[in-house]
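Biologist: I should like to go through the terms used for this structure and hear the reasoning behind each of them. Please set each value against its criterion.

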Amino acid sequence: MDRAALSDALVRETGDLAMGASYLETRPHLFSDVAVFINVSQLAGMQRIIAAIETVARHPDYLAATMAWAPVSARQDFGPHGVFMGYDFHLSERGPALIEINTNAGGAMLNAVLARAQRVCCPSEPTDFLRAYPFESVVAAMFSKEWRYQRGSGEPVSIAIVDDDPVSQYLFPEFLLTRHLLEQAGHSVCIADPSEFAYASGTLRYGDRNVDLIYNRLVDFSLDRPEHSALRAAYLDGSVVVTPNPHVHAKFADKRNLTLLSDTALLREWGFDRAIVDTLVAGIPATERVDKASAERLWAGRRQFFFKPAGGYGSKAAYRGDKLTKSVWAEILESDYVAQAYVRPSERTIRLDGETVKRKIDVRLYTYDGEPLVAAARLYQGQTTNMRTAGGGFAPVLLMAADDSPQDCDRCATGEA
C-alpha cells in the first residue's frame, strides 16, 4: 500500500488539508500494508449467498418472523432499503461462510480510497471492484434512490450524517469523505449529533437548517435512547427519511435472523426452492438461540460455537466458545444470545519487523439492494476483528482468476510487495 498516495487521497477527497497524515498517524492499525486475494469463484459464492438472503428477506413469512421479535420502532416499513449494507464472511475450505450482516457497516468510503492507493505488482494483474464502475456516482445515486423509495419522487435537499459525538468516532474521516461526495452531487450536508436535533410541526431541524434525509451511523438501532427522541419522533411520523433505519436493521442484522436463514426445514416449509435453501444452509453456519433448555448441551459443546448477542455490533460481547468462563456463560444465559457454529477464518502471511507472521482474515462485501459496492478485508489477531493489531486493519480485496494464486508472486505472498 502506498501510504503517501493514501494520505494525499484523504486530503483531496475530504477537503481537509490536515486529514491525511494526522489520520494515519493517530490510527496506525486502521489500514494494513498488504492486500488480500480471493478468486472469482469465492466472490461468486458470496454473491449467491447475498442474493439468496435478499430473496428470503422479501418473503412474508420471514418478515413476520423477524418482526415478531423486533422493537416497536422497527415494525413499519417506510421504504428505504438501507445504504452501505455489510455482509461479513470467513473463507473456509468449504467455501465462503457468512458470519453476520451489518446495516450500518462502516468503512466503505475509506476502503474506496484505500483501493486507489494500492500498488498492484502481481504477474496475474489482479483487479479490484472499483475498476468496474464509477463508485462516486453509484453512491450518490444510492442516497437519491433511498429518498424516492419513501417519497416517490424528487431529491433530498439537506442530508445529515448522524452519530453520537461524531467528531470522536474512530471512523470520523469517513463522514468527511461522505459529506464531500454528497456535496459534489449537489446536496447540502452536515455531520450531526442527534441529541442536537429539534422536532416540531413535522420538521426535523439541526440548528437553522431543516433535515430531509438521515444517513444513520448510530448503534442505537431502534432509536430508543432519550437523546435520540427527536430523531425517533420524526422517523416514526415519516417526516424524515432515515437510512439505514430500524426496520432494515430488524429485517437483516438482528443475529436471531440467522437462526431462520440457516434452518433447512423452515426454509422448505416457506416454499423456497432447493437452490436457495442449499445456498443458505451451505453458506450460513448453523445458528440457534441460547436458552435455558439448550444451556447444558451448548456449554458441553461450547468449543464448536461462537456466541453473539442478538443486537450486537462491532464484535462487542461476542465470545468464542473455547474462551468462555462460567461467569460469562451465566451472563449469556440471562441475555439474548445466539450460538453460531464456529468457522475458522482463513489467514494471510505477512512480513512484520523482519519476521513472517500470520493474520486472520474476514471479508466484507458492501452492497446496496444486493449489488456489490466495494469489497474489503480485515486482518486481525484474537477472537474477533479489531483495529489494534500490528500489521492488521482494512485491506483491499484483489480478485484472481480461478486458476491463479497469489503464491505466484513471492513478494505479495509474504507482504513485501
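Modeller: The following exchange takes up helices, their packing, and strands in turn; the model is a predicted one.

Biologist: How do you know that the span of helix H1 agrees with its number of residues?

Modeller: Helix H1 comprises residues 3-14, which is 12 residues, and at 1.5 Å a residue it should span 16 Å. The expected span is 1.5 Å times one less than the number of residues. The end C-alpha atoms of H1 are 16 Å apart, and therefore the two values agree.

Biologist: What makes the buried residues of H1 lie on the same side of the helix?

Modeller: The buried residues of H1 are Leu 6, Ser 7, Ala 9, Leu 10, Glu 13 and Thr 14. Around the axis they cover an arc of only 160 degrees, so they are on the same side of H1. After H1 comes Gly 15, with a positive phi near 75 degrees.

Biologist: How do you know that the span of H7 agrees as well?

Modeller: For the 13 residues of H7, 1.5 Å a residue gives an expected span of 18 Å. The end C-alpha atoms of H7 are 19 Å apart, which agrees. Among the buried residues of H7 are Phe 172, Phe 175, Leu 181 and Leu 182. Gly 186 follows H7 and has a positive phi, near 100 degrees.

Biologist: Why are H1 and H7 called oblique to each other?

Modeller: H1 and H7 (residues 172-184) pack at an angle of about 50 degrees, and their axes are 8 Å apart. Angles under 35 degrees count as roughly parallel and those from 65 to 115 as roughly perpendicular. The angle falls in neither range, nor is it over 145 degrees, and H1 and H7 are therefore oblique. In this contact, Leu 10, Arg 12, Glu 13 and Thr 14 of H1 meet Pro 173, Leu 176, Leu 177 and His 180 of H7.

Biologist: Why is H5 called roughly antiparallel to H6?

Modeller: Helix H5 (residues 108-116) and helix H6 (residues 135-151) pack at an angle of about 170 degrees, with their axes 12 Å apart. Because angles over 145 degrees count as roughly antiparallel, H5 is roughly antiparallel to H6. The residues that meet are Ala 108, Met 109, Ala 112 and Arg 116 in H5 and Phe 135, Glu 136 and Val 139 in H6.

Biologist: What makes strands S6 and S7 a pair?

Modeller: Two strands pair if at least two bridges are found between them. S6 (residues 197-200) and S7 (residues 203-206) have 4 bridges in the antiparallel sense, and Tyr 199 stands opposite Leu 204 in S7. They form a hairpin with 2 residues between them, and Ser 201 in the turn has a positive phi of about 55 degrees.

Biologist: Why is Gly 202 called partly exposed?

Modeller: Gly 202 is located in the loop between S6 and S7. Its relative accessible area is 38%. Buried means under 20% and exposed over 50%, so Gly 202 is partly exposed.

Biologist: What makes S11 and S13 edge strands?

Modeller: The open sheet has 4 strands in the order S11-S14-S12-S13, with antiparallel pairing. S11 (287-289) and S13 (319-320) each have a single partner strand, so one side of each is left without a neighbour in the sheet. S11 pairs with S14 (residues 337-341) over 3 bridges, and Glu 288 stands opposite Ala 339 in S14.

Definitions and conventions. Residues are numbered from 1 along each chain as its sequence is written. This is a predicted model: local features need pLDDT of at least 70, side-chain atom pairs count only at pLDDT 80 or more; totals for chains, interfaces and linings use all residues. Side-chain values use heavy atoms; hydrogens and water are left out. Buried means under 20% relative accessible area, exposed over 50%, partly exposed in between (1.4 Å probe, protein chains only). The arc is that of the directions from the helix axis to the C-beta atoms. Axes are lines fitted to C-alpha atoms, for helices over the stretch in contact, and angles run from 0 to 180 degrees between N-to-C directions. Contact means heavy atoms within 4.5 Å.
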